[in-house]
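Dear colleague,

Please find below the structure that I am handing over to you. My account of what was found in it follows directly after.

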Amino acid sequence: MIDQKERWRRWQLALGVEDELKELSDRDRRLNAALSALYDSSGEKRRGGLGPSSPRVAKWLGDIREFFPTRVVQIVQKDAFERLNLKALMLEPEFLSTLEADVHLVADLIALRAAIPGKTLETARQVVRKVVDDLMRRLEHSTRETLRGALNRSQHTRRPRHADIDWARTIGANLRHYQPKHRTIVPETLLGHTRHTKSRAELNHVILCVDQSGSMATSVVYSSIFAAVMASIPGLSTKLICFDTAIVDLTEQLADPVEVLFGVQLGGGTDINAALAYCEKQIEIPSKTHLVLITDLYEGGDAASMLARAAAIKQSGVNLIVLLALSDSGHPAYEAKHAEAIAGVGCPVFACTPDQFPSMMASALTGRDLQGWAAQEDIALVRGS
């Protein structure tokens, strides 16, 4: 239960206090000053601002780190960039090294890449590397294990070679043939995995086609991480295609996600139709190909051709999935008419978080209906028009 004094303190901090007010402690005064510097937009009480001085901003960042946990610091830091136009300071290595690194900061750095001077570029790479490493630790193991399990399930056979027998499943399937006299099971049915092969005809092919326009920035970061992980999984052939009005194939850089991100050029227009046309040329075996188009579907090119091409790709046997966003944030903004039209030809259209992406891909690889998966995850699919 919050007492009256603590309630009054919180109201003072929320509304702003006069400098001469004595009720607050020195620490609360510093907290109030840190908030006032950012969120004082018009009132006479909340005055201040961070100003152009890099040392002052660095001190402010130190203060908010003291007062708030990392997650809140990242939110306040993002607000500072947007409200106070501090992005120019990110080009200074001394300032950049003080920032709390997260996926939004990486997106900002990638967007500013062309403007980053040489003296700051290495610091920027270190910041991006830190975030990439953190995301890899968070996402790599679950993604790898989930997708490996899905690939194994999709490659079961009832005529395995001896070395490929799945003994746990074989014993479970043959318990009814237990012989008490001999205290053993007669394995009437053998269950196992098909032998791994390097033949492209037997691989699952995944193409991540990612919109790199500014509104999709965090989706690009997460897509690059997942593409790098999937590229290392046996049984999967993975490509990463990023696009705006131009198309860049980053498949050859997937061994290093940082290089992938520095190969992305965030911003610009959007030509989804041209990107789909490029992906069409990469499809070798439609029935074994999963094309994940990650875009908000705001088409700057030929929308009618884009919708017709998506329908043709789906009709060819490709598993076409449209993700309106791959991010931690809430419901994305997207072009509803295009989403409904693509859903109308039988493609699942929805948004998901990075934590949901591995199980989504596992469902796709095993041929499971994504409508059932989405219902389990409490995800609303776009309804077809």
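Helix 11 and helix 12 cross in a left-handed manner. Please keep in mind throughout that this is a predicted model.

**Helix packing**

Helix 11 covers residues 272-282, and its axis lies 8 Å from that of helix 12, at an angle of about 25 degrees. Angles under 35 degrees count as roughly parallel, and helix 11 and helix 12 are therefore roughly parallel to each other.

Helix 12 (residues 303-315) also packs with helix 13 (residues 336-343), where the axes come within 9 Å and cross at roughly 25 degrees. That angle makes helix 12 roughly parallel to helix 13. The hand of this crossing is right-handed, whereas the crossing of helix 11 and helix 12 is left-handed.

**Salt bridges**

How many salt bridges does the count come to? The count comes to eight, and three of them are described here, each with an end in helix 7.

The pair Arg129 and Asp256 forms a salt bridge in which the closest N and O atoms are 3.2 Å apart. This pair links distant parts of the chain, since Arg129 belongs to helix 7 (residues 118-154) while Asp256 sits in the loop between strand 7 (247-249) and helix 10 (257-262), 127 residues apart. Arg129 is partly exposed, because its relative accessible area is 32%.

A second salt bridge joins the side chains of Arg138 and Asp328, with 3.4 Å from N to O. Here too, distant parts of the chain are linked: Arg138 is in helix 7 and Asp328 is in the loop between strand 9 (319-326) and helix 13, 190 residues apart. With a relative accessible area of 35%, Arg138 is partly exposed. Asp328 is likewise partly exposed, at 38%. Salt bridges that share partners also join Lys130, Asp134 and Arg137 into one network.

Within that network, the side chains of Asp134 and Arg137 meet in a salt bridge at 2.2 Å, N to O. Why are Asp134 and Arg137 separated by about one helical turn? The reason is that they are three residues apart in helix 7. Asp134 counts as partly exposed at 32% relative accessibility, whereas Arg137 is exposed, with a relative accessible area of 61%.

**Residues with positive phi**

Two residues other than glycine may be noted for their backbone angles. Phi of Leu297 is positive, near 65 degrees, and that of Asp378 is positive as well, near 60 degrees. Leu297 lies in the loop between strand 8 (289-294) and helix 12, and Asp378 lies in the segment after helix 15 (370-376).

Which of these residues is buried and which is exposed? Buried means under 20% relative accessible area, so Leu297, at 0%, is buried. Asp378, at 73% relative accessibility, counts as exposed.

**A nonpolar patch on the surface**

Trp167, Ile171 and Leu175 make a nonpolar surface patch of about 310 Å². Of these residues, Ile171 is found in helix 8 (residues 167-173). Ile171 counts as partly exposed because its relative accessibility is 42%.

**Two exposed alanines in loops**

Ala255 is placed in the loop between strand 7 and helix 10, the loop that also holds Asp256. At 80% relative accessibility, Ala255 counts as exposed. Its C-alpha atom is separated by 8.6 Å from that of Val229, a residue 26 positions away along the chain.

Ala114 has its place in the loop between helix 6 (103-111) and helix 7. With a relative accessible area of 72%, Ala114 is exposed. How far apart are Ala114 and Gln265 in sequence and in space? They are 151 residues apart in sequence and 8.7 Å apart in space, from C-alpha to C-alpha.

When you open the model, you may wish to begin with helix 7, where Arg129 and Arg138 are both located, and then turn to helix 12, which packs with helix 11 and with helix 13.

Yours sincerely,

A colleague

Definitions and conventions. Residues are numbered from 1 along each chain as its sequence is written. This is a predicted model: local features need pLDDT of at least 70, side-chain atom pairs count only at pLDDT 80 or more; totals for chains, interfaces and linings use all residues. Side-chain values use heavy atoms; hydrogens and water are left out. Patches are made of residues with over 30% relative accessible area and no salt bridge: like charges are joined within 9 Å, nonpolar side chains (Val, Leu, Ile, Met, Phe, Trp, Tyr) within 5 Å. Accessible areas come from the Shrake-Rupley method with a 1.4 Å probe; for residues, only the protein chains shown count as cover. A salt bridge is a side-chain nitrogen of Lys or Arg within 4 Å of a carboxyl oxygen of Asp or Glu. Helices (H or I, at least four residues) and strands (E, at least two) are DSSP runs, numbered from the N terminus. Buried means under 20% relative accessible area, exposed over 50%, partly exposed in between (1.4 Å probe, protein chains only). Axes are lines fitted to C-alpha atoms, for helices over the stretch in contact, and angles run from 0 to 180 degrees between N-to-C directions. Angles under 35 degrees count as roughly parallel, over 145 as roughly antiparallel, 65 to 115 as roughly perpendicular and the rest as oblique. A crossing is left-handed if the near helix is turned anticlockwise from the far one by less than a right angle, and right-handed if clockwise.
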